[in-house]
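I opened the notebook to go through one structure, from the overall figures down to single residues. The entries are kept in the order in which I looked things up.

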Amino acid sequence: RLPGYEPRSDTERQYRAAELAPVLRGLASTDRAQVGHFTDSAEVLDFLAREKHPALAALGTSCPDHFLRTKVRPMLLDLPPSAPLDQVLGRLRDLHTAYRDDYRAYYERHAAADSPPMRGADPAIVLVPGVGMFSFGADKQTARVAGEFYVNAINVMRGAEAVSSYSPIPEREKFRIEYWALEEAKLRRRPKPKPLATRVALVTGGGSGIGRATAERLAAEGACVVVADKDAAAAQKVAESLGAGHLHPADVAIAVTSDVTDETSVALAFGQGILGFGGVDLVVSNAGLSISKSLLDTTVADWDLQHDVMARGSFLVARAAAKVMRAQGMGGDIVYICSKNAVFAGPNNVAYGAAKADQAHQVRLLAAELGEHGIRVNGINPDGVVRGSGIFAGGWGAQRAAVYGVPEEELGAFY
């Protein structure tokens, strides 16, 4: 064992991994956008606690499939688990620069006139002692499988060292396998990526109504989706429907339970999304509710509840999103689901309309502030959405029907 390289506790590993993943994903996406996967299995943590892990990792993997999935060798952080975050982030950036230079030199040493072009110089595997392994790929499945292949490589190294010593094939042979012409032809036959492939989306209020429809559309366009909702069962149902038919449904969507009025809950939701897919690129702030009452009937509790969920909630979600997106350095999108009530004055609607107006102005303020980081902020002002709406099912429909003097069952046609 290597003193000082013991694994952190479960909670500490998850927290540190969520801090590192967006930065690592941004680095791994220097040449082209990637999705991430995190593994802190016993095999990985044990390997990174062993004295010989730096030398073994530098030797690279041994199996042809490994080269194709994991590249010739991983990027390894050479600091102990106790190192402070700022030092770790600085060192990872330096190591990434060195890795790209080394990989480019490796390609140039062995490439012939008929070799396929270099596929990118960023690492597919990043090893962080005491924390775990981050793997990257063009989609979640590719990233996950790359991690699984490197776990197999660790087992090969461990087995070889147990009976003799680990000695992979020469570097020239590794290159011939990694840039094999037949493998290149197979890569070229892959289906054209969907428009949102490599993007990770988080949708609040994703368990019903606009949120659910948005999550379904994002997944259909190729995004990985984090379905966030205060109703855990509703979020899980949507995530399962998005992943239905896939061997690993979590490669498509995951569910997280989140109360957007609570700062800690929002942070945990983003942390789970980051651990699931490596980061977040597109956030749809949709969580909402409404209580239709006249001014004199509106209580302070009515006012506070609606402003807590929509005005405060959107602020907390946008702040968490911006933190992740700035760490990634890949830009991003934040979309507020506002309402026509942000600009339209209707009766018996002061608390809801004011909260939506607050959201609409947040959009303008944040667009001006975050644009320099490549983060776009936009708002949508839907009219009444009746079918599948949690708000309408919760009594808002009956209240608005009474205000406008129409039967509740005809409210959709009225809007």
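The entries below go from the whole chain to the sheets, the helices, the cores and a few single residues.

**Entry 1: overall figures**

I note at the start that this is a predicted model. I counted secondary structure elements and got 15 helices and 10 strands. I then took the box along the principal axes; the C-alpha atoms fill roughly 85 × 45 × 40 Å. The protein has 415 residues, and buried ones make up 51% of them. For contacts with a separation of 6 or more, I looked up the share between residues 24 or more positions apart, and this share is 72%.

**Entry 2: the four-stranded sheet**

I traced an open sheet of four strands with mixed pairing, and its order is β1-β4-β3-β2. Which strands stand at the edges? They are β1 (35-39) and β2 (75-76); each has a single partner strand, so each has one side without a neighbour in the sheet. I checked the pairing of β1 with β4 (residues 132-137) and found it antiparallel, with five bridges. One residue pair I wrote down is valine 35 with its bridge partner in β4, glycine 137.

I then looked for a helix on this sheet. Helix α1 (residues 10-28) packs there and touches β1, β2, β3 (125-128) and β4. The direction of α1 makes about 30 degrees with that of β4.

**Entry 3: the six-stranded sheet**

I traced an open sheet of six strands next, with parallel pairing and the order β7-β6-β5-β8-β9-β10. The edge positions belong to β7 (253-257) and β10 (375-380); each pairs with a single strand, so one side of each is left without a neighbour in the sheet. Direction ignored, neighbouring strands of this sheet are turned against each other by 15 degrees on average.

At the β7 edge I looked up the pairing with β6 (residues 224-229), which is parallel and runs over five bridges. Among the residues concerned, aspartate 229 has threonine 257 of β7 as its bridge partner.

**Entry 4: alanine 253**

I stayed with strand β7 and picked alanine 253, which lies in that strand. Is alanine 253 buried or exposed? Its relative accessible area is 6%, so alanine 253 counts as buried, the cut-off being under 20%. Beyond its neighbours within four places in sequence, alanine 253 is in contact with Val225, Ala239, Leu242 and Phe277. I also took a distance to cysteine 63: the two residues are 190 residues apart along the chain, and their C-alpha atoms are separated by 31 Å.

**Entry 5: two residues of helix α11**

Serine 265 lies in helix α11 (residues 263-277). I read off 14% relative accessibility, so serine 265 counts as buried. Leaving out neighbours within four places in sequence, its contacts are Thr257, Ser258 and Asp259.

Leucine 275 also has its place in helix α11. What does leucine 275 contact, apart from neighbours within four places in sequence? I found Gln14, Ala17, Ala18 and Phe38. From leucine 275 to threonine 264, 11 residues apart in sequence, the C-alpha to C-alpha distance is 16 Å.

**Entry 6: a pair of helices**

I looked up the packing of helix α5 (residues 85-110) and helix α7 (residues 171-178). Their axes are 10 Å apart and at an angle of about 90 degrees. Helices α5 and α7 are therefore roughly perpendicular to each other. From α5 the contact takes Tyr103, Tyr106, Tyr107, Arg109 and His110, and from α7 it takes Glu171, Arg172, Lys174, Phe175 and Glu178. Sorted by class, this contact has four nonpolar, one polar and five charged residues.

**Entry 7: the nonpolar cores**

In soluble globular proteins, nonpolar side chains tend to be buried together. I therefore searched for nonpolar cores. The largest one has 70 residues, and those touching the most other members are Leu24, Phe134 and Phe270. Helix α12 (residues 300-328) gives the largest share of this core, 10 residues.

I followed phenylalanine 270 further. With neighbours within four places in sequence left aside, its contacts are Leu202, Val280, Val283, Val317, Ala320, Ala321 and Val324. Another core, of 19 residues, lies apart from the largest one and includes Val203, Ala215, Val227 and Val252.

Definitions and conventions
Residues numbered from 1 in each chain as written. Predicted model: local features only at pLDDT ≥ 70, side-chain atom pairs only at ≥ 80, totals over all residues. Heavy atoms only, no water. Pairing = 2+ DSSP bridges. Helix = DSSP H or I, 4+ residues; strand = E, 2+ residues; numbered from the N terminus. Contact = heavy atoms within 4.5 Å. Axes fitted to C-alpha atoms, helices over the stretch in contact; angles between N-to-C directions. Core = buried A, V, L, I, M, F, W, Y, C linked by side-chain atoms within 4.5 Å. Buried < 20%, exposed > 50% of the residue type's maximum accessible area, 1.4 Å probe, protein only. Parallel < 35°, antiparallel > 145°, perpendicular 65-115°, else oblique. Nonpolar A, V, L, I, M, F, W, Y, C, P; charged D, E, K, R; others polar.
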